[in-house]
Amino acid sequence: MGIDHDMRAGADWTAAALTAFGYRADFSPSSLWEIERFLSTEAPDGRPRPRGLLGKDLDARVSMVGGYVGEVIRRRLGGAWVRDGDHPALDLPDGARIRPVQQVQHRLVSGAVGSLTAYASAFGADPGPSTPVLQCRCCGAVPAADTKFRAVQSVLIWISYTRSPGPFCRDCGTAVFRHLQQKTFTFGWYGIFSVVAALVLLLNWAAMTKVTRLAAPAAQPGAAPVRTMDTGRPLPRRPQVLAGILAPIVLLTAFVIYARSSAP
């Protein structure tokens, strides 16, 4: 197949992985701002977080990120991947040979001095100005998902509806999700609007898929460390949730037994 095919295929795989963790990786020049954010989040001050996405196999993963950066430039300007000694390089149509993998290594060690956006811009793939990054409204961490969670409490004909909008980081979103799900499980079944409780539970689970795909929360580059919300215990390990599920079943069973015993 050759190195050109391998680097293109590797960049596609890297883009899919970055997207799964909440980063925009669509091969547009502006997506390099997301790569900057990824490196600042996963390797603040050039040191990979031990349990982060760069915590293992650093050289291989830096090479993959460098392949993505090179593909952004190649898809904008043209060119082909070649082998340059032991490293991949990219030959551009104007005759220039660039080495995106080494540039990512330089960015990791040197921080803003090795800016990937400035690097791409110098060769004609201008990323443009940085776009605002979503921050968690609870702790200020990035990345964050723009979603919302709800809760319903219902007794007879009375109903109370709570809504908690994002954006949320992974930890704060999980904490809010679990709290509001517990609230609905515990108090949502005792009125004529109990069907609304079931709908709210399903909507929350759908919204939670955006949160679970996020990378671990981190502070914006240069910002103070963030303090996320305590996620608490998973829902199946909360007695209030189990009681909220069992109580309506017990009450309904008792009503059916009473109705049958009272029948002539």
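What follows is a conversation about how some labels in this structure are earned.

Visitor: What should I know before we start?
Guide: This is a predicted model, where local features need pLDDT of at least 70 and side-chain atom pairs count only at pLDDT 80 or more, while totals for chains, interfaces and linings use all residues. Residues are numbered from 1 along each chain as its sequence is written, and side-chain values use heavy atoms, with hydrogens and water left out.

Visitor: Why is R74 called buried or exposed?
Guide: Buried means under 20% relative accessible area, exposed over 50%, and partly exposed in between, with a 1.4 Å probe and protein chains only as cover. R74 has 12% relative accessibility, so R74 counts as buried. This residue lies in helix α3; helices here are DSSP runs of H or I with at least four residues, strands are runs of E with at least two, and both are numbered from the N terminus. R74 touches R8, G79, W81 and L90, leaving aside residues up to four places away in sequence, where contact means heavy atoms within 4.5 Å.

Visitor: And what makes P50 buried or exposed?
Guide: P50 reaches 74% relative accessibility, so P50 counts as exposed. You will find P50 in the loop between α2 and α3.

Visitor: Which class does R24 fall into?
Guide: R24 has a relative accessible area of 31%, so R24 is partly exposed. R24 sits in the loop between α1 and α2 and touches S30, S31 and E34, not counting residues up to four places away in sequence.

Visitor: How do you know that D12 and R75 form a salt bridge?
Guide: The term asks for a side-chain nitrogen of Lys or Arg within 4 Å of a carboxyl oxygen of Asp or Glu. For D12 and R75 the N to O distance is 2.9 Å, so the pair qualifies. D12 lies in helix α1 and R75 in helix α3, so the bridge ties together parts that are 63 residues apart in sequence. D12, at 38% relative accessibility, counts as partly exposed, and R75, at 40%, is partly exposed too.

Visitor: What about E36 and R107?
Guide: Their side chains meet in a salt bridge at 2.5 Å, N to O. E36 belongs to helix α2 and R107 to helix α4, 71 residues apart, and both residues are buried. A search of the whole structure finds eleven salt bridges.

Visitor: What makes a set of residues a nonpolar core?
Guide: A nonpolar core is a set of buried Ala, Val, Leu, Ile, Met, Phe, Trp, Tyr and Cys residues joined through side-chain atoms within 4.5 Å. The largest one here has 31 residues, of which I35, L39, Y68 and I73 touch the most other members. Helix α3 gives the most to this core, with six residues. A second, separate core of 13 residues includes L180, L201, M208 and V241.

Visitor: How do you know that the length of α6 agrees with the expected span?
Guide: The expected span of a helix is 1.5 Å times one less than its number of residues. For the 18 residues of α6 (residues 170–187) that gives 26 Å, and the end C-alpha atoms are 26 Å apart, so the two agree. This helix is mostly covered, with 13 of its 18 residues buried.

Visitor: Why is I192 called buried or exposed?
Guide: I192 has a relative accessible area of 59%, so I192 is exposed. I192 lies in the loop between β6 (190–191) and α7 (194–212).
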